[in-house]
Amino acid sequence: MNRHPNMRMTSAEFAAWLARQPKKPTIAQKLPATPPQRSNRVNDGRAFEDALQSIFECYAAAGVMRVRKVEPPTRIVGTGAQRKVIFLANPFLDFVGTWTQRKGAMLNIEAKSTSEPRLSINRAGGVSESQVRAIRDWSLAGAYAVVFWEWAGRLKIITPAEISVAVNTGRASLKWGDCPNEVEGGTGFERWQIARTLSRLFP
């Protein structure tokens with residue numbers, strides 16, 4: 001099998017490398033059970049982000065892509081009891097990096113984890129207005145910008161085109177069944193086959 005010039009492993013070598021890695025708790029084990037009436041507001045998404053970071057570290061070691069969690073920019077003013085932390089506008093999404101298999105193209109990923117099979121659009125608690133703009137702007141600039149939506153241990157990838165259709169048709173939210181691009185489960189560290197699904201969506 002031919003290697004990409006920037007790849008350190010072939011697909012077969014990568015799969016074999018994954019199989020040798022020690023098992024980590026899956027997202028289903030990390031996240032609590034999902035009662036049907038539970039509000040999305042009690043799910044802060046940290047377990048999902050941790051699971052994604054483990055996968056991205058695995059991908060970085062294999063030379064597939066390098067993606068990291070982006071902390072929002074802040075400014076600290078005052079001292080002592082008057083000290084305040086001000087959160088500044090963030091031009092990036094939750095995860096940012098480069099996709100080695102696409103010649104180092106930029107990746108911007110907004111990670112959303114919900115306790116219900118519904119994701120708000122253009123609203124706080126879902127994909128906010130600023131995040132919709134960031135997805136559009138980075139996509140127009142030539143980057144790969146997507147939403148990763150986790151619900152009940154399952155993962156779907158929402159493309160800029162799907163976000164655009166939802167916004168232009170006045171949708172307040174997307175239902176789980178509205179989004180066709182579900183990511184298949186993987187093994188070991190690769191809880192979901194993210195790289196394979198991205199390659200299929202963006203050939």
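In this predicted model, a good place to start is arginine 102, whose charged end sits over the ring of tryptophan 99 at 4.6 Å from the ring centre. That ring has further aromatic company: Trp99 belongs to one aromatic cluster together with Tyr144 and Phe202.

Let's widen the view to aromatic contacts in general. Searching the whole structure turns up seven aromatic pairs. One of them joins tryptophan 99 to tyrosine 144, with ring centres 5.0 Å apart and planes at 70 degrees; planes over 60 degrees apart count as edge-to-face, so this pair is edge-to-face. If you trace the chain, you will see that the pair links distant parts of it: tryptophan 99 lies in strand β4 (residues 95-99) and tyrosine 144 in strand β7 (residues 144-151), 45 residues apart. Tryptophan 99 and tyrosine 144 are both buried.

Now stay on strand β7 and move along to tryptophan 149. Its aromatic partner is tryptophan 176, and the two rings meet edge-to-face, 4.9 Å from centre to centre with 70 degrees between their planes. Here too, distant parts of the chain are linked: tryptophan 149 is in strand β7, while tryptophan 176 is in the loop between β9 (173-175) and α6 (194-201), 27 residues apart.

How buried or exposed are these two tryptophans? Tryptophan 149 has a relative accessible area of 0%, so it is buried. Tryptophan 176 has 7% relative accessibility, and because buried means under 20%, tryptophan 176 counts as buried as well.

Terms used:
Residues are numbered from 1 along each chain as its sequence is written. This is a predicted model: local features need pLDDT of at least 70, side-chain atom pairs count only at pLDDT 80 or more; totals for chains, interfaces and linings use all residues. Side-chain values use heavy atoms; hydrogens and water are left out. Rings of Phe, Tyr and Trp (its six-membered ring) pair if their centres lie within 6.5 Å; planes under 30 degrees apart count as stacked, over 60 as edge-to-face and the rest as tilted. Helices (H or I, at least four residues) and strands (E, at least two) are DSSP runs, numbered from the N terminus. Buried means under 20% relative accessible area, exposed over 50%, partly exposed in between (1.4 Å probe, protein chains only). A charge sits over a ring if NZ of Lys or CZ of Arg is within 6 Å of the ring centre and within 35 degrees of the ring normal.
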